[in-house]
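I opened the model today to look up a few helices and a hairpin. My notes follow the order in which I checked them.

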Amino acid sequence: MKILVISSCTKRKKEGKYKASEMYTGKQHLLVKKGIEILRKDNYVDWYIISAKYGLINENYLIESYDLSFNNMHKRDIRKLSKDLRIEDKLSSIIKNHNKAFFILGEKYLISIENFLKDIPIPSVFFTNKKLPYETIKCGIEEAKKYHISVISLKGHLFLKYIKKEKRGAL
């Protein structure tokens, strides 16, 4: 199976120039990385990261450290930057080559792909507190309390948990 994973950048980063998969050091990113390692044992997986500076980038794309996030922006600014970075265009082109997609994105990062969300062509799973017409794993304060984990790393935690559970069955 060909799987697409879309996650967001994190505030915590290394200093210097690294592959995108190695640049981010936030807990959510590290948990997503573990989930992808499990998925790769039985599937072909493409991992892309949405960055407010670089746009939609492949995990192997070399980037330099930066300090920019959609989390500090207004909706209109996110939409404009997303359009300038061609995030939705790139995602539309990439997703066609996959059988299933996972989206591990916060609310502000979902804004960067809001037009794309209207008609996703493959089965998709979202880790979010937002209501969407796709399979959604709820990621809110209640869930964070239930798992005794911070809201910031919750999406990564639940993605990893989902992947481990699904590994026992078929994705």
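I started with helix α7, residues 151-167: its 17 residues reach 25 Å from first C-alpha to last, close to the 24 Å expected at 1.5 Å a residue. The expected span is 1.5 Å times one less than the number of residues. Helices (H or I, at least four residues) and strands (E, at least two) are DSSP runs, numbered from the N terminus.

This is a predicted model: local features need pLDDT of at least 70, side-chain atom pairs pLDDT 80 or more, while totals for chains, interfaces and linings use all residues. Residues count from 1 along each chain as its sequence is written, and side-chain values use heavy atoms, without hydrogens or water.

Next I looked up burial in α7. Buried (under 20% relative accessible area, 1.4 Å probe, protein chains only; exposed is over 50%, partly exposed in between) applies to residues including Leu154, Gly156, Phe159 and Tyr162. Their cover includes β1 (2-8), α2 (27-39) and β6 (100-104), with contact meaning heavy atoms within 4.5 Å.

Then I turned to α3, residues 75-85. Ile78, Ser82 and Leu85 are its buried residues. They lie on the same side of α3 because they cover an arc of only 70 degrees around the axis, taken from the directions from helix axis to C-beta atoms. Arg76, Lys80 and Lys83 are exposed on the other side. Arginine 86 follows α3 with a positive phi, near 60 degrees.

β3 and β4 are among the elements covering the buried residues of α3, so I checked them last. Strand β3 (44-51) pairs antiparallel with β4 (55-58) over four bridges; pairing takes at least two DSSP bridges. Isoleucine 49 bridges to isoleucine 57. Three residues separate the two strands of this hairpin.
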